[in-house]
Amino acid sequence: MYNHILSIILFTPLIGALVLLFVPKENKDAVRWIANFFALAGFLISLPLVPWFWAQRFEPGFKFMEGAPNNWIPSIGAGYVLGIDGISFLLIMLTTLLGWISILSSWSAIANRVKEYYIWFLVLQTGMLGVFMALDFFLFFVFWEAMLVPMYLLIGIWGGPRKLYAAIKFFLYTLAGSVLMLLGILFLYFHHQHITGIYTFSLTSLYQTAPHIYNDYGPQVATLLFLSFFFAFAIKVPMFPFHTWLPDAHVEAPTAGSVILAGVLLKMGTYGFIRFSLPFFPGVLSNPATFMHMTMRGWMIFLSIVGIIYGALVSLMQKDMKKLVAYSSVSHLGFCTLGIFALNSAGLSGSVLQQINHGISTGALFLIVGILYERRHTREISEYGGISNVMPVYATITMIMFLSSMGLPLLNGFVGEFTILQGAFMERWKWGAWAVPGVVLAAAYLLWLYQRVFFGTVTNPKNEKLHDLTPREVATFVPLIILAFWIGLYPKPFFQILEQPVNHAISMVRGPDYVQPGIVNAAAQPAAIVPSATPAAIVPPAGTPGMASPMKKGKN
Amino acid sequence: VGALGLSASDYVLSLPITLLTLFALGILLIDLMLPKEKKWVNAVTALFGVAFSAAAIWNPFRENILTYLQAQRFASHPAMLNSMLVDRFAVYFWYLFLAATAVSILMSVRYLETEHENHGEYYALMLLAVAGMMCMTAGYDIVLIFIGLELMAISTYVLVGFLRRDRRSNEAALKYLLLGAFSSGIFAYGLSLFYGLTGSTNLVVIQQVLARQVMTSQYRPVAVVALITTVTGLLFKIAAIPFHQWAPDAYEGAPTSVTGFMSVAVKAAGWAMLLHILCIGLMPMRSIWLPLLVFVSIATMTGANFAALTQTNTKRLLAYSSIAHVGYMLLGLIAGTPTQLSADGIKGILIYLLVYTFMNLGAFGMITSLRHKNVIGDELDDLNGLYSRAPVEAVLMLVFMLSLAGIPPLAGFWGKYFIFLSLIESGHYALASLGVLYSVFGLYYYLKIANAMFMGKIEKGEEKLPISFTMRAALGVAALATVYIGVLPNRFIELVNWALGIVQNPAVARLTH
């Protein structure tokens, strides 16, 4: 089991889907039980990974490697190679957890074509896990594309009134980005063959050769290649201005679909940036040459900051709760990309942690909206008011998740956003300064939403008889709340898990000699983490003297 | 050593063609004796014909007889006084035709019963068409190629008009006949000029004379005219824009089972002929036909994808989709340098034709099975709510649609993969980007079909769709092939390498063994 744990985690949902094929569709409860069983099994089976991974968290390289290069399609050099590092480990745990929660949350929300629904959902689960596990570029691409199909069907069949439009838009948009990436992949593949004489899509091999493209073909070709990957990932994240599919898809998707979409699917884009764009194109990111008055890295930061502010402003004026949460995702993911392209350990580890946080809190927000929608079949904010009077438990959970999402200290969102901002300030104070309003705006739109929906007296007579959460619904929130507090109060283990891969990624972009100001070498002092529990290890960067240390003391 | 100056090996090598012809004639005879309710025997006979023909192609079988006869072993065998070359390329296509024909026959049985046109001639014509295709594919002599083309074309004209009582079918047959005859005339004109220029009808001789003498002589302009007319004829046959007008009408009007057969087997034969003529006979003129093909390919991808968007008839939509696929395949010929073909490009075309055969036949099979009682079933609306009427088949249709759109890990992806790979390899980045973006574009109209099936509402409260056993078998074979080739393509890539005589990359071999 130890040697094949990744394959087991990967295929458990798929086996569940195959088993479901043989269950008669009239027996809806049996279908539900079996689907939930496999979803829970998928989560439980991924739990042994935690101690096993923890034991080797500081070791370099990918862990739990499976398969061999080129063993799948030898004639083109594609292999079934799986492996994880700290980044993919966290995302995989998030995926298995959210997959289970979403399937649990669908019990009563999905009433027609139940069997199909669970089959596609489990297939989707395998597709997403595959994206995070694949260490062969071809395998990655197959999972990346194949997972669009079940998501398209989930939105298209079980979605809201404009489901067809949203489903097709989602599919076409993401496919358009990823086909260009395929061309980029092929270029890397031939480049690798030119250098080594070997045709392979193996990621570890491509890591050796791809950075040389900048010198071999010049900055222009390398920039174009970077862009071919950028479109695929930026559309998925989604970065401004490629975000327009997201509100449609989120609003129309069924609740569980939204949870997975926000919680996991969007992370595939940021994961792609970290896994591929950074190590493949260090030259492009450090190239001082400007393109339309900005360097390539400057553009990435610019788009991230615009996304943060724009997403928050648009959230502020939404009338539909789900749309509000959808746009808040654009804002939150802007923080994640900002952290990535800050290109330092703080920014990158904060970004990964914020991705997990976003999965937890925004996943929960979609569940929260879904619960109201299930009871009232409307998401208009003006339809509600004073809900805390009739649904106190619900209101409490919502408050916790809202605070987590807006980044209140002691909860998870704060740690992620703070670390990202720290990383941004370390590079340029302006980057951080422009991003900070996003935090304030997040508090504005979430608290205002809370006030309108929950506070006051019940304004709409239809809301007087709403029943509070059922035990099943509470169960969907419990793990998320625990995680929110855990990351908020004691993020150290998460940073430890991220330390090795993040430093490795940074050294691949910045070169092995690059020493991040204030970051202690991981090999020399494994206990030192980012941001460290020992504030002395962090030297506040010039220009931001008061920023780093005082807030950090408060957190630990 | 026999009559007509033919040797025994000539007969062995052409045995698959002979067998098909004999079976076709046999069906015509048996049909006379069959009572009306036993007409399915014709289909079984045709399937046996296909099976025997396939067995006769089977390499060890052929090799044994040839060794016995001549005690010689070559990878390829010229036959019929050097007019035919049964090489691996030909064998690959022959099997492809036979597989497509077998699936088409399975799809036709119930359909012809529903249409009350269950005549033996249908199967006989199909087998004769395949015999013609085999001549086209193995032909190294433009006369044999042309005879094969006409045998195939005339059989297909009749098949298109097989529904005598249906006006659309008659109209389609007439249009197809007129435009087909016209294009054959242009094609023959071009070939006759080449004969005049080179003094030979053999493709290899034409190539040599063109390269050594004509292209540097004063007759070069004549050769260009001959090239343009020949290529026009070829592009007519594979339905590339701007020579595509016959295809949507013929596809829509023809009996659906014939449309499926036409869109894969007839098209593959046209491609085999095109590859032979352009890559052997007219290879010295590559620098001239290359820009033509670039134009045609871009026009085809653009025109077909846009035209497909607005179609409301499924058969017509798939007709435009099949034209669009021709556009992608042409990119495989464009890849490479002005003097050199890209091996990966040709490989891409061959794989494309292989996977296209199964996925497109599957799609047309599904539309064929919608024809029942009084429902014609070829409008997009007829697919509405198909999922609740025939869940398994609807999922299979989804597989075919996604495969046509090129979503991995389904077979259709591999055709596109190798085409775009060859373009990147030879530095045609702009064309590659255009091609992939059009393939995204294409997804839209394939999803229209998926939308109708899974998300559309059933209009008249229809009951379960009756699907015959043979149709289920045909759809099963097509879907299995589509998924299997998609997930485990290695064997098929090696098969195509074998067909093209490409040696497996030693670097890859080193890494894996």
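Over which residues of chain B, with 11 contacts beyond four places in sequence in the model, does pLDDT stay under 50? That stretch is residues 506-513, where pLDDT is the predictor's confidence in each residue, from 0 to 100, and contact means heavy atoms within 4.5 Å. Where pLDDT is low, the predicted coordinates should not be read in detail. Chain B as a whole has a mean pLDDT of 86, with 91% of its residues at 70 or more.

This is a predicted model, so to speak for local features a pLDDT of at least 70 is needed, side-chain atom pairs count only at pLDDT 80 or more, and totals for chains, interfaces and linings use all residues. Residues are numbered from 1 along each chain as its sequence is written, chains are lettered from A and ligands numbered from 1 in the order written, and side-chain values use heavy atoms, leaving out hydrogens and water.

Turning to aromatic pairs (ring centres of Phe, Tyr and Trp, the last by its six-membered ring, within 6.5 Å; stacked if the planes are under 30 degrees apart, edge-to-face if over 60, tilted for the rest), a search of the whole structure turns up 75 over all chains. F137(A) and F276(A) make a stacked one, 4.4 Å centre to centre with 15 degrees between the planes. Both rings belong to buried residues (under 20% relative accessible area, with exposed over 50% and partly exposed in between; 1.4 Å probe, protein chains only): F137(A) is at 0% and F276(A) at 1%.
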